[in-house]
Amino acid sequence: MAAPQVRRADFLMALAYATDLATGHSRDFALRSCVLGMRFADVAGFDQDTARRIYHQALLRYIGCNADTHLLAAHWGDEITLRRELHDIDMGNRAEFVELMVRALKRRFAGMPPEELEEAVKRGLAEGPQVNIPILSGHCEVAQRIAERIGLPEDIRESLGQIYERWDGKGMPRGLSGNAVKFPVRVVTMAQDAIALNDHHGFATMKAMIAKRAGGGYEAELVDIFLAHAEKLLTGLDGPVDRETILALEPEPHSMFDEDACDEAFLAIADMIDMRMPFTFGHSRAVASLAAAAAKQMGLPASDIRDVRRAAYTHDIGELTVPVSIWMRGGPLTERETDEAHLHPYHGERALTSLGAGGKAVASLVQRHHERLDGSGYYRNAKGPDLSPAARILAAAEAFQTAREARPYRPAMSDSAAAAKLRAAVREGELCPDAVEAVLTAAGQTSRRPSSARLAGLTPREIEVLRLIAGGDTAKEAARKLDIAPKTADNHIQSLYSKIGVATRAGAALFALEQGLVAA
Ligand SMILES: [Fe+2]
Ligand SMILES: [Fe+2]
């Protein structure tokens, strides 16, 4: 079956959702700033081309900010809290900036005796610029590279290379000023600050703070336009923004992704996710290659193989909500941190809902990637029938790959130790034996169940037919959807009935449900 089409703007929203969380922003922050930026372009009478660049700058400003998070966390401690606090201050105001950095360092070194603490804070402050500047330069470069991989043109990428620059030259890392700062950068920086300040301090204080920064962080002329229309510009922007609003605002031309472009976009997201710390470099790619090979070996239809690969690329997108500092600490997590970490599949699914119908199957797999057959997984404690073969494969591939990677709190396991761990989980009833053996075979381990692969010996086409008739389609309807002759569909039905040992559509539907082949 052909994959539903995905619009590039849908991917931008998925990225925006994840980066909002990673940078400590409030819900739909980037989306709201996009609406504000587009309204601003409208009242200011900017041309379509300028509006297009503002649209993308607002949605994508922080897509590079996941790079080198471990370095930021190692120096400043909890990086998400630090980023949240940064949204409030005028970065060009040295006193405000230093005060915030001191607070971050005191948080990081909490529990130290007073004299040592004072010394550690002093040292941390002195070393701050040499830590920050390369990281911020890296964010700009990574943002540009990701934008290129999702096919965005050079003018948009150029603006993403200046995300921390300011009108008055007090920005980082290059200290550009005035017209050297790209126009969309100037507009979006002010628009995003307005959203954050409005969230934190209310409308009147926000306006006063924006006015105070005219000629400093923001170009005075832009501030004048903003203040003249502030009420209209901010109307309704204190609540969530829906997908349709963002799609409707996108200036022409609207790019649609074909299959290859879609794969590349998923892969770009995978790399972005994995860049948060060295321990996870390449994690999502590795899970994807194991999961896709296992799904192929188990005889799943091509659409399932594609979905499981894309889900593997993005399975940890929700992990961007969890401060890297808690992993780098190396010790046990507090209860609250564990709860937060266990919610990452929820945030992952939520991030991917912006992909609409085209991303539904992927989002559903991402949501289940830590679930276990016996209900001992997280975050929904889903059980067997709710876990499709693709979901079981993804869970097994993820568990295997994670076991053989090092983490700050444990060394990497050898392949054979990781295989033994997975087989133990099978014995405990947590992981699916077929999925585990398929993953281990894909990883080059000798399988103990050489003939276990296929679901009741069904072919990929028979699985597709089974799904459709279990969902209520007649043989004729299934034939039309799969673009095959009705007679061929009939033959598939007879063959699959005999393989799974049923004689009726209802019996087949129950089998499909039990095997997790249809959504419950
Ligand atoms: Fe993972
Ligand atoms: Fe995960």
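This report looks at an iron site and at one helix in a predicted model.

## The iron site

Let's start with the iron ion (ligand 1). Four protein residues act as its donors: His283 and His315, each through NE2, Asp316 through OD and Glu398 through OE. These donors sit 2.1 to 2.3 Å from the iron ion. Along the sequence, their spacing reads H-x31-H-D-x81-E.

What angles do the four donor atoms subtend around the iron ion (ligand 1)? They run from 86 to 153 degrees, so the arrangement counts as irregular. To pass as tetrahedral, all the angles would have to lie between 85 and 135 degrees.

## A bridge between two irons

Asp316 does a double job, bridging the iron ion (ligand 1) and the iron ion (ligand 2). The two ions are 3.7 Å apart. Asp316 and Glu398 also bring together distant parts of the chain, as they are 82 residues apart. Asp316 belongs to the loop between helix H15 (302-314) and helix H16 (324-328), while Glu398 is in helix H20 (residues 389-403).

Are these two buried or exposed? Asp316 has 3% relative accessibility, so it counts as buried. Glu398, at 6%, counts as buried too, because the cut-off is under 20%.

## Helix H3

Now for helix H3, which covers residues 48-60. At 1.5 Å a residue, its 13 residues should span 18 Å, and the end C-alpha atoms are indeed 18 Å apart.

H3 is largely enclosed by the rest of the structure, because 11 of its 13 residues are buried. Among them are Arg52, Arg53, Tyr55 and His56. Their cover includes helices H1 (8-22), H2 (29-44), H8 (154-160), H9 (183-201) and H12 (243-249).

Methods:
Residues are numbered from 1 along each chain as its sequence is written. Chains are lettered from A and ligands numbered from 1 in the order in which they are written. This is a predicted model: local features need pLDDT of at least 70, side-chain atom pairs count only at pLDDT 80 or more; totals for chains, interfaces and linings use all residues. Side-chain values use heavy atoms; hydrogens and water are left out. Donors are N, O and S atoms within 2.8 Å of the metal (3.2 Å for Na, K and Ca); water is not among the atoms, so sites may look incomplete. Four donors count as tetrahedral if all angles lie between 85 and 135 degrees; four count as square planar and six as octahedral if opposite donors are over 155 degrees apart and all others between 65 and 115; anything else is irregular. Helices (H or I, at least four residues) and strands (E, at least two) are DSSP runs, numbered from the N terminus. Buried means under 20% relative accessible area, exposed over 50%, partly exposed in between (1.4 Å probe, protein chains only). The expected span of a helix is 1.5 Å times one less than its number of residues. Contact means heavy atoms within 4.5 Å.
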